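Open the model in your viewer with the cartoon drawn and the side chains hidden, and keep the selection panel at hand. The stops below go from one selection to the next, and each says what to look for once the selection is made.

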Amino acid sequence: MPQIFDVLVIGGGAAGLLCAIEAGKRGRRVAVLEHADRIGKKILISGGGRCNFTNVHCQPQNFLSANPHFAKSALARYTPVDFLALVQKHRIPYHEKTLGQLFCDNSAADITNMLEAECRAAHVKIILSAKITEVSRDTQFVVRTDSAEYRAPALVVATGGLSIPKLGATSFGYDLARQFGLKIITSRPGLVPLVLAPPDRKRYSELAGVSTEVIAQAAHTPFREKMLFTHRGLSGPAILQISSYWQEGEPIHIDLAPGRDATAPIRQATTRNLAAAEKAFQQFLPKRLADTWLHHNAPRSWTNPALAALEEKVHAWSLTPAGTEGFEKAEVTVGGVDTNELSSKTMESRKVPGLFFIGEVVDVTGHIGGFNFQWAWSSAAAAGRSV
Ligand SMILES: Cc1cc2nc3c(=O)[nH]c(=O)nc-3n(C[C@H](O)[C@H](O)[C@H](O)COP(=O)(O)OP(=O)(O)OC[C@H]3O[C@@H](n4cnc5c(N)ncnc54)[C@H](O)[C@@H]3O)c2cc1C
């Protein structure tokens, strides 16, 4: 006997749960089908276990998409203030970190518990360990699992992206979109550490653990934040941010001395030499980084033109990464269901009425800092208020 609902949501992560809540509050009979043995696994590990659940300065400019205008409507209609109201209603203690990022004081489990409680209140049925074997559409959508059949006139796909496969990430959402004839923007890892090419790795891997504030830039998009050297390359917020913009084979540029006249002390030194340069660079870089970087980049002479070239280089250090650390280490997936296929007001497919895509499976990717969850909440609310 098929189980009949008004709305089937595939994926019990951030977006799927909030959509189910919004639809349930409107009296819809909603089932969430989650293939893992618990909901919200990614929420639980997010923000270092404290879940950076939104950002109070959320703007459309904080998102990447082939259509940069697509996210505007949903973001305007379900804002950080709306999600914060839910957090406050549940008396979850939180704090603001730098740059408007809101984190739980205690644990990310506060957020999953809140979503679970809201689901209960809205009479949402959560079905765990649901192994979906087939999705089809006759007069309604039909979802078969290895043990049951579910039917509903509305199907919401909230299966997330490809990052962190060991937490249950699958290509299910993209495959389903293709099955129904929707286009996909090629996906790639985002918010991910970059791996240096072997010669650079040899030069700089000894700096693993060293970090400094930089302006990192890829595809003309700069971010001023910390950069961290790793054994295989570069990481830290500045690098994670530009990784979402970086295209294979392209260089990245790093300003190691933002806003500084780095070589002024060398020009003024009584003796211009490597020791004077190291002393000057140690004023704004950790000693190990200053010395290693100069070892590989110092000019052959210390003339004014040579120092001008050094000044230029320290503000636009150019490296061509060999690649990224891949989906295993990526926080998000860039690309996904082409936004041209969806209504920006409801997230419903233009071609297939009743079929919705929300959250990370859509080609909308946030910067680091709580923006990816805000997209999950906003897109979920757009669909949940429409199904
Ligand atoms: C380590 C890490 C830390 C992060 N920290 C932050 C942070 O602090 N702030 C922030 O804004 N963003 C953060 N992110 C990004 C954020 O977690 C995601 O953008 C967000 O979870 C996307 O929500 P979603 O509901 O679209 O997808 P998900 O949360 O990934 O949920 C998708 C759900 O669908 C289920 N699913 C997948 N395939 C199937 C299938 N075939 N059948 C049934 N169910 C399926 C999955 O098990 C999962 O429960 C972090 C990501 C990672 C990896």
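Which residue stands opposite Ile254 in β18? Select Ile254 together with its partner, and you will find that the residue facing this position of β18 is Ala216. Keep in mind throughout that what you are looking at is a predicted model.

**The strands around this pair**

Extend the selection to strand β15 (residues 211-218) and strand β18 (residues 252-255), which run antiparallel and are joined by 3 bridges. Gln217 is placed opposite His253 in β18, and if you keep His253 selected and look towards β19, its bridge partner there is Ser318. The pairing of β18 with β19 is likewise described as antiparallel, and it extends over 3 bridges.

Now select the whole sheet, which is open and consists of 7 strands in the order β19-β18-β15-β16-β17-β14-β20, with antiparallel pairing. At its edges stand β19 (317-319) and β20, each of which pairs on one side only. As background while you trace the order, strands of a sheet pair through backbone hydrogen bonds, either parallel or antiparallel.

**A helix across the sheet**

Add helix α12 (residues 304-315) to the view: this helix lies across β18 and β19, and its direction makes an angle of about 110 degrees with β18.

**Helices α10 and α11**

Next, select helix α11 (residues 287-297) and colour its buried residues, which are Leu289, Ala290, Asp291, Thr292, Trp293, Leu294 and Asn297. What do the buried residues of α11 pack against? Their neighbours are the helices α7 (198-204), α10 and α12, together with the strands β15, β16 (221-229) and β19.

From that list, keep helix α10 (residues 274-281), which packs with α11 at an angle of about 140 degrees while the two axes lie 9 Å apart. The two helices, α10 and α11, are therefore oblique to each other. By class, the residues of this contact are 6 nonpolar, no polar and 2 charged. To see them individually, show the side chains of Leu274, Ala277, Glu278 and Phe281 in α10, which meet Ala290, Asp291, Trp293 and Leu294 in α11. The crossing in which α10 passes α11 is right-handed.

**A second helix pair, α1 and α5**

Move to helix α1 (residues 14-25) and helix α5 (residues 109-121), whose axes are 9 Å apart and which pack at an angle of about 30 degrees. Because an angle under 35 degrees counts as roughly parallel, α1 is roughly parallel to α5. Here α1 passes α5 in a left-handed crossing. Showing side chains again, you will see Leu17, Leu18 and Ile21 in α1 meeting Leu115, Glu118 and Cys119 in α5. Sorted by class, this contact of α1 with α5 has 5 nonpolar, no polar and 1 charged residues.

**The sheet of four strands**

Then select the open sheet of 4 strands, whose order is β1-β11-β10-β9 and whose pairing is mixed. The edges are taken by β1 (3-4) and β9 (132-137), each with a single partner strand, so one side of each is left without a neighbour in the sheet. Following β9 to its partner, strand β10 (residues 141-145), you will find antiparallel pairing over 5 bridges. One place to centre the view is Ser136, which stands opposite Val142 in β10.

**A buried loop residue**

Is Ala330 buried or exposed? Select Ala330, which lies in the loop between β20 (323-324) and β21 (332-337), and you will find that this residue is buried, with a relative accessible area of 0%. Leaving aside residues up to four places away in sequence, Ala330 touches Ser163, Ile164, Pro189, Gly190, Leu191 and Val192. If you draw a distance from the C-alpha of Ala330 to the C-alpha of Ile215, the separation is 21 Å in space, against 115 residues in sequence.

**Stepping back**

Finally, clear the selection and show the whole chain, in which there are 13 helices and 23 strands. The C-alpha trace spans about 85 × 45 × 35 Å along its principal axes. Of the 387 residues, 55% count as buried. Among contacts in the chain with a separation of 6 or more, 71% are between residues 24 or more positions apart.

Methods:
Residues numbered from 1 in each chain as written. Predicted model: local features only at pLDDT ≥ 70, side-chain atom pairs only at ≥ 80, totals over all residues. Heavy atoms only, no water. Axes fitted to C-alpha atoms, helices over the stretch in contact; angles between N-to-C directions. Parallel < 35°, antiparallel > 145°, perpendicular 65-115°, else oblique. Left-handed = near helix turned anticlockwise from the far one by under 90°. Contact = heavy atoms within 4.5 Å. Nonpolar A, V, L, I, M, F, W, Y, C, P; charged D, E, K, R; others polar. Buried < 20%, exposed > 50% of the residue type's maximum accessible area, 1.4 Å probe, protein only. Pairing = 2+ DSSP bridges.
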